[in-house]
Amino acid sequence: MAQVLGVMTSPYDLAAAVRDLKGAGFRELEIYSPVPSHEIEEALDRGPSPIRLLTLIGCLTGVSFAYFMQIWVAYDWPLVIGGKPFASIVPDTIIGFELNILLGGLFTVLGLMFFGMWKTRKGHDAYQPGFSGNLFGCLVACHGDQIPRAQEVLRRAGSSEVRVVEG
Amino acid sequence: MPEIDRREFLKIAGMTAGAAATVACREPVHKIIPYLNQPDEVTPGIATYYNSTCRECPGGCGIRVKTREGRPLKVDGNPDHPLSKGKLCVRGEFGHMRTYDTARFAGPMKRVVDASGARKLEKITWDEGMTLLVEALRKGSSKTVFLGGAETGTQDALIDQILAAIGSPHRLRFEPFGQEALRSADQIVFGTDAVPQFKIGASDVLIAFGTDFLETWLSPLANQLDFIESRKNGKGFAIFVGPRLGLSGSNADQWLAPNPGSEVLVALALASEVAKRKGGGPEALRGLLAKYTPASVAEKTGVSQATLEGVAARIAAASAPLALPPGVEVQGTNAARFAAAVQILNVVSGAVGKTLVFGPDHNLGKLARFAELRELVGKMRGGEVGVLLVHGSNPAYSAPQVGLSDALHSGNVFTVSFAFAPDETAELADLILPDNTPFESWGDGEPVRGVKTLQQPTVRPLFDTRPTADVLLDAARALGASVPAGSFRDLLVAAWGGRASFDAALGRGGEWKDVAATSVSLAGGVASLDFEPAPLAGNASDPVLVVYPSHHLYDGRLSRVQALHEIPDPVTKTMWGSYAELHPETAAVLDIEMGDVLQIKTEAGELKVAAYPHDTIRPGVIALQVGRGGLPRNPDAPLEPHSYWQRDVIGVNAYSLIPGKLDPQSGALAWLSTHASVSNTKGRAPVLRAQLTFDQQGRGFGMACTTGALAEAEAKHGEGHGESGAEEHHRFGEWSNPHRLHPLPLQGDAAHLPTRQYDPAADAHPDSPYRWGMSIDQDACTGCNACMAACITENNIPVVGPENIRIGREMHWIRIERYVEAADEREVDVRHTPMLCQHCGAAPCESVCPALATYHSKEGLNVMVENRCIGTRFCSNNCPYKARRFNHWSYDWYVPEPENWALNPDVMVRAKGVMEKCTFCVQRINGAKDLARKEDRHVRDGEIATACQQVCPSNAISFGNLRDEAAVVTEARNDVRAYRVLEHLYTRPAVSYLMNIRRVEEA
Amino acid sequence: MAAITEPVPQSPNQINDDILRVLEPPTPIYVLMVLFFATLVGIGLVAFLYQTYWGLGVTGLTHPVMWGVYITTFVFWVGIAHAGTLISAILFLFRAKWRNAVNRGAEAMTVFAVLIAAMFPLIHIGRVYKFYFMVPYPNQRGLWPNFKSPLVWDLFAINTYMITSIMFFYVGLIPDLGAARDRVRDWRRYLYRALSLGWRGSSEQWRHWSRTVLHLSGLSTPLVLSVHSVVSWDFATSMVPGWHTTIFGPYFVAGAIFSGIAMVISVLVPVRRAFHLEAYLRKEHFDNMGKLILLTSSIVGYSYGMEYFMAWYSANPYEQMSFWWRGFGYHSTSTWIMISCNVLSPLPLWFKWCRTNVLWIWITSIFINIGMWFERYVIIMTGLSHEYDPAAWGYYVPSVTELTILAASFGLFLTMFTVFLRLAPVIAIQEIKELWYEDRAHGGGHH
Amino acid sequence: MGSGKRTAVGLVVAAVCAVVAAAGATGLYQYTPEELTGPEQPIAFNHQIHAGAITDGNLGIPCLYCHGPAERGWNAAVPAVSVCMGCHQYVKQGRTPGSEQEIAKIHEYYDKKESIPWIRVHRVPDYVQFKHMRHVQAGVACQECHGPVQDEKRVYLVPQTRYTKRSFFLPTAKLEMGWCMECHLQRGATDDCVACHY
């Protein structure tokens, strides 16, 4: 299965290209861009990232663990502290809050590591350093017979360079 | 530090875990050194107690020494003893520390002059020492003089016997506070030179003429016990006449400060006024008294006629008045006359036979007069003295006026010192034959007639020392003199009527019987006396020099005990060193500020010392305390961050400012005899003080009520008390609050607070049988610091040294806060508030500790687990009472051998970087609980005494179980005078205070 | 909009060039600077070892003033640590464009500052070798820390903040590390390759990345506000007069942002100068930061006033005495330094000229840093030296050891920052680019 | 491409580190051989012969005969030399080879009036106030803490580990706090810190 790479200089052209390609029935697109771009996101329309859920889980784990830990500890070895009840919920809120943030953050970043880095680790032979500079790349996976079509669409979208990448 | 034969010590020291630091493996090897022969009465790990006698002053109180594995650890009063009654003073608490003195003589020494001409000491054996001594005595033969201190009992008699036997019965018993004046006065007034009993306890009005009866005068401990007895619940009234409010003065209710020297006239004026009010007084005195009416002396003394008459009226109205003869600080060249005047006051006020009793006299009759010492030194100069034997006396320090050192030199007197630790006189000695310390030796004494106390060793001699009595016996035998056979101990046993009765007496600590009072009558010739104010030398515009005895160091003999330097002076709250006290007015006139280095000059000499202005001293006076400025404690101490202070001389020797004037009648040294020229050198010296202000800012730390208010409140309390349970209670924590305002007006922000009683039902641990609490009676507390001393020895509290004190790092778990509300002719209202951990029910310190190192125990203790502490010090910040102490250094590193042998094994030695504080002596609580559990019962009330409570000579502290309705502490807690400090912060303290009682008429 | 006099980057590549130029091999002066700062750290280390060996006796700390320079410095650095997250998180949520230029530097500062701050409680405690007693971990003793203690809250707050801001910093850095990887050719490219975790800027990566950044900002925003509140509770929950007040939370947070922004300015101005980043650190940025400073300075000033007012109005004698000492006691100098630096010195910034004058605002920022250190010093010192018990009043003089360690903390901060300059892009390339493209778009980019 | 793998490696390494750290935190205790045999004592005293079961041909002397103070005082008190002499002034020849030299040493010490510097084996830190009598009175067997001393030729700290409920069944070594607490909780003894730390 072949891949066609179109290199452009503007995110807006790229977004346009993506729309055209989709219109032309190309589904497997990979985009390289030096900056995040809403246009492209919308054009690709991949839906929200699963990281949202991870964050939520992290936060809930954090806060519930914090309360559990503090209350359990209070009764594990009950000692009167400053005439307060063994488990005093109010101060527990503070550590509850902190752990909520901490685990939320950790889960989020782990999510990025997994979805963003681990799952996308393969098949970047077409990558070229310019993509971290001022170039935008659009990689279209297609069958041999569709190559010309893809090239044509990309050119029309204003690619400065279009080439076929064997993969 | 001298070499110690540690092995020798350990043999009797028993179980000892010593870490051999040299071992370079990952953990030091710990050794167990068992007994060689285990004594029957000793169980390793269980303390053994021995009765003995305190030798830190001539008072001769009975003590009970706690020992563990052969080491004396703690000194307490002997409950069976008539003088100490189970209590002890701040000095006695440290008696054993002189045995553990780092710089003690390790054995006999002789003075050698090396090539460079420097005189230094050289170690010798006892045989050499004895031969030297015998040689000297043979040469000196009849020209031998024995110079000792106040001594009574068998050893005293024996020494006389020996001296007689070797044909040279010259002996001097020299004490700086020798009561010469009083003895002469009694001679003049009553025709006997005895030192009678002043029954302070029986008096209802007490007037002291500069008498430091709570510090050093006669038997201070007994005095304090009596004094407090006489002031129980609002009774009693005390008037202090003198230039400076000492500890005794601070506890009086009225302060007359006549022109220094003219106190004698005040005494006479009072006498004459009292006589007038009592219908003339004795015939013989009328003529005399007529000359000294209040009106006539008012102008000379600077005390208004009205005031004098007021005081006189009080004395006249009293049922058992008592006037105390002058203390040394007001002892001028008219000392004997002054004392006579006071005794006359006692006569006219009817104290004689009632509160002033002859018969059970103090055994001070044989003491030398200062004049005799001077005479002796004169003889030395004249070469009439061959050998000088010095024992238990240090005139080179405490009597610089006589110039002992050059006399010894010019008269080349062969001097033998029996001192067990270096002192100024030993420095001059040619031969040093160290005696055992009182804690290592046998002995007895009779400080007061009828009270014979025994002294027994509580530790094997730590060094190569010998009892002086035995040394003299051997010497005498070597000289062929006829002395009784056997060792001193044999003679002692014999003197006590043989083994059986000796052992019996030992059990009690001695034997005491009442001595019948003898009646005295007015001697003739009193009438013909004439009285003059003591003349003062020097420029009249200069401040008058007042030198006074030290409450902590006595005459300086305890100056080697570091802890006594570090306990704040009860009056000035200064530590470590001498300070020139003067009134702020005087300071302003002389342009002096706190901490300026002053140069004080009299004809006798001059000193440089830091100024310390404060309110409780008369204007126009500059006061210095004796006892300091002796030898540096430990000249070759290691230069570690805070131990180098040991190398320095601490303070100045105030004796050296006293000109050598004598009182012709009594031959006493005139302490108060000159003005001193004071110049501000503009230099600055740190003033080490525990308290920056004596003004409590109306914060209600030390509260007070007047006698009137107290009576009212007690009446009210009588009805209202008890049925509070019926009322609607507002609870906070375990303190229930019957809606009744405090029976007495509270001061500070607590003013609006209701009374609170402990309510077991509301306790966090209702199942716990105990709830420990303490109550402190401020009216009883004199601020004598005995509690601090006891706490230090009981709880291994380190001495931190002046360098740390300067920054403010004292470690005392209990401190006495002194607040001066009034100090003048109308009223003296000085409040002493012992401040310690309040063991709060809602302790601010607990909730902030991250490591849970401090928490509230089931028994209501605020527990500090030192080994869990990581030293964030938040607890100290958050403690409103500032009762917590932090180990800035590893103080235990700096406790040198053998001083660390006094550490109490029941209490851990805290490491650096941890917080510590009062534990309510939890080691004692646990001990009592162990016992109770073994006998399957609860701890009884009074079974536990905290160290501070046990020692308190005022019985101001009560401790016990608040759960116990009948407990003393519970009662005290519900007393009308009870209040809690800073209670409005809702810390719910377990320590409650009883208010001071102001003995004044409502204005 | 501010009159932009500086040059404007011509192309995204130029942005790469300009910013990555900073990463080029160091000059001798740079090396000397690093060495100097590192030496400071070394001396501080020696001082710390000395203290650990002998105990806290080597400090000036005493009874009753048990907290001093160390806690002061701790609070100071925590405060500094606030600017970064504020700029990158809060301003990110508010979509304030001007943040893009400064956020990278600010975030880096945050990380370094919080690392240093986290050290100080350990330097401060009496037995640093037992610090783990504070940490809740299962142990054979069966003992736990006291969760009621503000210090444990601190432990959690500071560490949470540290970890979160490190993650935030790193995640933001990843795309730029990718760029650096593609450009740098020396040994560091291996570093970048490893750290960029195979970043390609593929749409999938961007999708998750932006979501992550969004969430981290969302989480950090309440965090940044909470951290200094928690720190302030170290004082506010105690019963020390002068500490026990309710305004401490907002008061400390405002102060933190105040000092944080000031520190950003103090550090970035020299960088801007040294590496010719005028095109990116524009005057408008300083203008905006100047406005933030004005705002926070006013809040802080208000709090100062309010403290005194409450002391008077509450009629609480302890509070009143404490504040009397604060104003006129022997520590009043510190008080007046704090007031003049924090309230008076920012006043000129009301004028745009001063805000846009880089030198002026830089000097002001340094004053503010000094002032904010003294603010904490004053609060701790004066509060503790005159508490309830008149017999236990005292005072405190910092010792050489303490001051050495204080200096070392600055040394450490600057060492880390200077090294960071050479290792990572000091300005967020991809964000600048984003802006560049947006400008093109709106600047009539396509018709 | 390569960096993807690196990512993987990085994550794995991190995980491993975490596990190792956790293992370290649980404080697993390693006994050194020296502890397993006990230190060389000044006199090769053999507890087995003295206190071992009579059925095994030993003397079976009860512990408290020599360590009497254990039931009265804080310390178990290594017996005074006089106690050893009590028997050994007559018993000069043991049943094990070389025993007479060892017994001779006792006489040596006693005649020199020196006590025997035993090396300490069972030791709690200075900040723990351990009272033997409380435990003996409560009927705790010596072996509970000291191990089967009666079977030891040379006394050593018998490695024994408890897994305490209170601390998530973490291992706690002999004479450690968790070890004490486990017993205290089982027996319903005090769990008040100040019972031992003051």
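A residue is taken as buried when its relative accessible area is under 20%. By that cut-off, Ile957(B) counts as buried in this predicted model, because its relative accessibility is 8%. Ile957(B) lies in strand 41 of chain B, which spans residues 957–961. Beyond its neighbours within four places in sequence, Ile957(B) is in contact with Met774(B), Ser775(B) and Ile776(B), and also with Cys948(B), Gln949(B) and Cys952(B). Another residue of chain B, His832(B), is 125 residues away from Ile957(B) in sequence, and the two C-alpha atoms are 13 Å apart in space.

A second buried element of chain B is helix 6, which covers residues 220–230. Nine of the 11 residues of helix 6 are buried, so this helix is largely enclosed by the rest of the structure. The buried set begins with Pro220(B), Leu221(B), Ala222(B), Asn223(B), Gln224(B) and Leu225(B), and it also includes Phe227(B), Ile228(B) and Ser230(B). These buried residues pack against two strands of chain B, namely strand 11 (205–209) and strand 12 (237–241).

The cysteines come next. The count of disulfides over all chains is zero, and two cysteines of chain B help to illustrate this result. Cys54(B) is buried, with a relative accessible area of 9%. The closest cysteine sulfur to that of Cys54(B) belongs to Cys89(B) and is 6.1 Å away; a disulfide requires the two sulfur atoms to be within 2.5 Å, so this pair is too far apart for a bond. Cys791(B) is likewise buried, at 8% relative accessible area. Its closest cysteine sulfur, in Cys921(B), is 6.4 Å away, which is again too far for a bond.

Turning to the interfaces, chain A and chain C bury about 5000 Å² between them, with 70% of this area on carbon and sulfur atoms. On the chain A side, Tyr12(A), Pro36(A) and Glu98(A) lose the most area to chain C, and together they account for 12% of what that side buries. The contact involves 58 residues of chain A and 57 residues of chain C. One salt bridge is found across this interface: Glu204(C) pairs with Arg46(A), and their closest N and O atoms are 3.4 Å apart. In addition, 16 residue pairs are in polar contact between chain A and chain C, counting pairs with both residues at pLDDT 80 or more. The elements of chain A that give two or more residues to this contact are helix 1 (11–23), strand 2 (29–32), helix 2 (38–44), helix 3 (51–76) and helix 4 (89–118). Helix 4 of chain A provides the largest share of that side, with 18 residues. By class, the chain A side has 35 nonpolar, 16 polar and seven charged residues.

Chain C also meets chain B, through 51 residues of chain C and 57 residues of chain B. The area buried between chain C and chain B is about 4500 Å², and carbon and sulfur atoms give 58% of it. Two salt bridges are counted between these chains. One of them joins Glu387(C) to Lys882(B), with the closest N and O atoms 2.8 Å apart. The count of residue pairs in polar contact between chain C and chain B is 36, with both residues at pLDDT 80 or more. On the chain C side, helix 2 (28–54), helix 6 (150–183) and helix 11 (317–328) are the elements that give two or more residues. That side of chain C has 31 nonpolar, 13 polar and seven charged residues.

Terms used. Residues are numbered from 1 along each chain as its sequence is written. Chains are lettered from A and ligands numbered from 1 in the order in which they are written. This is a predicted model: local features need pLDDT of at least 70, side-chain atom pairs count only at pLDDT 80 or more; totals for chains, interfaces and linings use all residues. Side-chain values use heavy atoms; hydrogens and water are left out. Buried means under 20% relative accessible area, exposed over 50%, partly exposed in between (1.4 Å probe, protein chains only). Contact means heavy atoms within 4.5 Å. Buried area is the accessible area (1.4 Å probe) that two parts lose on being put together, summed over both. A salt bridge is a side-chain nitrogen of Lys or Arg within 4 Å of a carboxyl oxygen of Asp or Glu. A polar contact is a pair of N or O atoms within 3.5 Å; within protein, one must be able to donate a hydrogen and the other to accept it, and residues adjacent in sequence count only if both atoms are side-chain atoms. Helices (H or I, at least four residues) and strands (E, at least two) are DSSP runs, numbered from the N terminus. Ala, Val, Leu, Ile, Met, Phe, Trp, Tyr, Cys and Pro count as nonpolar, Asp, Glu, Lys and Arg as charged, and the others, Gly among them, as polar.
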